Amino acid sequence: MKKGFTQSIHNALGNQNLGGILDRWNYPVTRAKAYEGIDFEALRTQIAEIKGSAAGHLNELAEQFKKAAEARGAKVFRANSPQAVKDYILELCLEKGVKKVVKSKSMASEEIHLNKDLAKHGIQADETDLGEWIVQLAHQTPSHMVMPALHLTKEEVSDLFSKETQQPLSNDIQELVKVARKALRGKYFAADLGITGANIAIAETGTLVIVTNEGNARMVTTLPKIHVAIVGLEKLVANYVDAAPILTALPKSATSQLITSYVSMITGPVQNDDGTMKDLHIILMDNKRTEMAKDPEFKEALQCIRCASCLNVCPVYRLVGGHVFGHIYTGGIGTILTAWFNELKTTEDIQGLCIGCGKCKEICPGKIDIPGLILQLRRRLATKQGLPFIQKTALQIINNRRVFHAMLRAASLGQIPFAKEGFIRHLPMFLSNLSEFRSLPTIAPAPFRDLFKKIRQPKCKTKVAFFSGCAIEFVFPKIGVALVKVLNKAGIEVLFPEGQSCCGIPHWGSGAFDMAALAAAHNLKPLMAEDVKYVVVACATCATALKKEWPHILKAEGMENLVPVAEKLASKTVMFTELVDKLIAEKRLTLKDGQKLQSVTYHDSCHAKRHVGIFKEPRAALAGAGFEVKEMIECDTCCGMGGSYTVKQPELSMSMLKRKLDNVEQTGAEFLCAECPGCLIQIGGGLDKRGSKMKAKHPAELMVDRFKDNPDQD
Amino acid sequence: MFEAFKAKAEGAGCQVVRFATRAEALDFILQFMRDEGVADAPGTYAVWADSPLLKGIDTKVLEAKVPGLKFTVTRQLAKDAKIGVTQMEWGIANTGTLAQDSSAVEQRLASALTWVHIALVGTDNLVPDLPALMTKMHPSKNGYIALITGPSRTADIERVLAIGVHGPERLVIVCVDELGRMNP
Ligand code: SF4
Ligand code: SF4
């Protein structure tokens, strides 16, 4: 990561304005209210189908649109490159003697830096969307796709407006808005040409659909005699009726409104106020979109309707904003779009910002797997450039359990001074030289595999295999021991296949899909060797690998022959609490008499909740084990651990942690519980550093003495 | 349907009134203009774009009744008007939205440039939702379809809501029962 970039993260973290505004908005709640009574899953499935199918026929739809719009009297130009768009507009301006342009919000024009080019030719282009205008006056780029000036305070806006209108102004927002109204009114009337984007372009009818709240697009398309619309090809949909679901979702997702104040559907030229007809030009811009549509993985990104809800819920965006996390197009989706519209390489830094928490994916109305695509970007960059040597070595070592443990242990005791500087920094989760907010975990003297051999288990009919993962094996072997004891109470014997090693998620997260596939392949055999009822995992990250990702990773890396085995394993894999919940329901586990009711707050690890959908079971299991669950605010917001993220983005990770700790402590519960050793390292370390009385525990640890011995052991 | 429409439109910040006859609606609008201080000077005009409500009415008489009320809508007059009256084709109940065929420029000028927009709609012309509207209005017939919900708004500065940024600050919806039956 470049130095300058680290500095910009640091600076952004110092500016709490944007995060504070997003918090006050309380987006998740207002959004939910806007969607009341609507089946969001069905709606987004419909949108994904409409947009997905359009992405599959971009060329045909563009031609159809052109024909339909031309039949109605519009001029339609298909432009492949940003330059072609700019040339067309400049020529038009020259031909018609255009000197002044007003624009309503158009991301496509931002994408090609149109204003700069117009200015170079002496043409003044004024933004009229309030946020865009503010950003223009500040000589900045938008920090949010829907609310471009979200990063600026009213004081800053007041300064900008004072300077522009040459009058002293107060910081009163209502007043500032009126100042803008007055200043921009004059510009609409003086403009020779109006530029807009379009939110939807309907091929069947040649219609542009433009959505605004302020009403500026209505002015821009009414007052100047020439209208140019710049439309990215991804805005195309096949039919008129296809616009309905998009218009239903867009305002709700974007601003928690049922619908925006204005929706304009423009088909062909309409009358100007002097009786002439509008000179309507529509530019259909490609700029890599057809290339993207041909890419089996990234085609999905064309389903985006630019609602920016993925930014509103992103814990990273909330902290650093769109100037750090993104480039014109911001946040997770912005990272993806920028990689295409600009170049893969330009996004090297920002790719590393996504922690993969999945919050955005959950609410995306285009049903786009945003973190999945960011991983794909990393994968492509890693394949293209190769991973840095140290990182690669580190990832290789993980696969050798003995060496790995010896090294970690030595490093944690400070016996390998170079280690901290070298590859240790690239290892997943365990060590980092940052301890301002979090105590470091200690590497246990003996790994779980050694402790396991000493546990005396009853012989039982039901057998399960335990997949420990690195963190339990090396940092928290006691979680593994507790797990064995709890399951023994239910009359289940636990096996520990010795051949297992890292689940491969750290490799996957770094974009080294090939190494992740090797890790998967390496584990399949030992795990499938024994005839067991379940494979149990007690780490949410490993659960993601075993329950979900291995088959995909193996397939992506050309190891199709292993996919059926991986799928079989996936169907057998359960998380510890998932199994306990079941065992309680089956009465194989029953609460011991005389247990004191204790309180616990449960943190949903991103992997458990959003990757494998386990969040009800742990709560039910804890309740069944005699705990009162006190919910915290934002229980499923990322704690900032994210595997190696905490090491690669220490400042961001710590900022996320701080927020989490505040929420955790507010509950006043006795324990913090999470079924993910990574989260426990992060949150537990944070609590410890704060001197909190609260202890972070894995469910297995909390449950270890809670259940009666099972009578039917043989 | 009317009640649902009214609730949603009010939720979006509109004022909604309903009258049985055209005559009653007309009285209300003229009185509204007087109350709002419409007068024959720039900044206080009222512009009224053509509407079935005016069918058979001598607009000259109305202009005499309320000085400053104009029935020719030009760009300059609309700019200097406080109130604009326009016809709406349909209302959408589940969002409190009005749908206008804005192909005629005066409909756009009067509804976009003024401070107060009075929107006329036939009470019978309410549809439940957007897909239903789409069966009524189609781009093949309407070159400029405008859906309008509440006044012009922004939250671009610190996400604080402000009303009336480029378009009207107030939207008054006048539902007229008699008008519904006159609509195409
Ligand atoms: S990626 Fe999804 S959530 Fe993000 S802007 Fe696009 S549609 Fe909205
Ligand atoms: S996965 Fe999480 S961190 Fe990554 S873009 Fe989505 S919300 Fe942000």
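These legends walk you through three close-up views of a predicted model. Residues are numbered from 1 along each chain as its sequence is written, chains are lettered from A and ligands numbered from 1 in the order in which they are written, and side-chain values use heavy atoms, with hydrogens and water left out. Because this is a predicted model, local features need pLDDT of at least 70 and side-chain atom pairs count only at pLDDT 80 or more, while totals for chains, interfaces and linings use all residues.

**View 1. The surroundings of ligand 1.** Look for the 14 residues around ligand 1 (a heavy atom within 4 Å). Those that come nearest are A:Cys304, A:Cys307, A:Ala308, A:Cys310 and A:Cys364. By class, this shell has 11 nonpolar residues (Ala, Val, Leu, Ile, Met, Phe, Trp, Tyr, Cys and Pro), one charged (Asp, Glu, Lys and Arg) and two polar (the others, Gly among them).

**View 2. Strand E6(A), covered on both faces.** Strands here are DSSP runs of at least two residues, numbered from the N terminus. E6 of chain A spans residues 207-212, and six of its six residues are buried (under 20% relative accessible area, 1.4 Å probe, protein chains only). One side carries A:Thr207, A:Val209 and A:Val211, and the other A:Leu208, A:Ile210 and A:Thr212.

**View 3. The partners of E6(A).** Strands pair if DSSP finds at least two bridges between them. E5(A), residues 200-202, runs antiparallel to E6(A) and is joined to it by three bridges, with A:Ile200 opposite A:Val209. Four residues lie between these strands in their hairpin, where A:Gly206 takes a positive phi near 70°. E9(A), residues 262-267, is also antiparallel to E6(A), with six bridges; here A:Val211 stands opposite A:Val263.

How values were computed:
Buried < 20%, exposed > 50% of the residue type's maximum accessible area, 1.4 Å probe, protein only.
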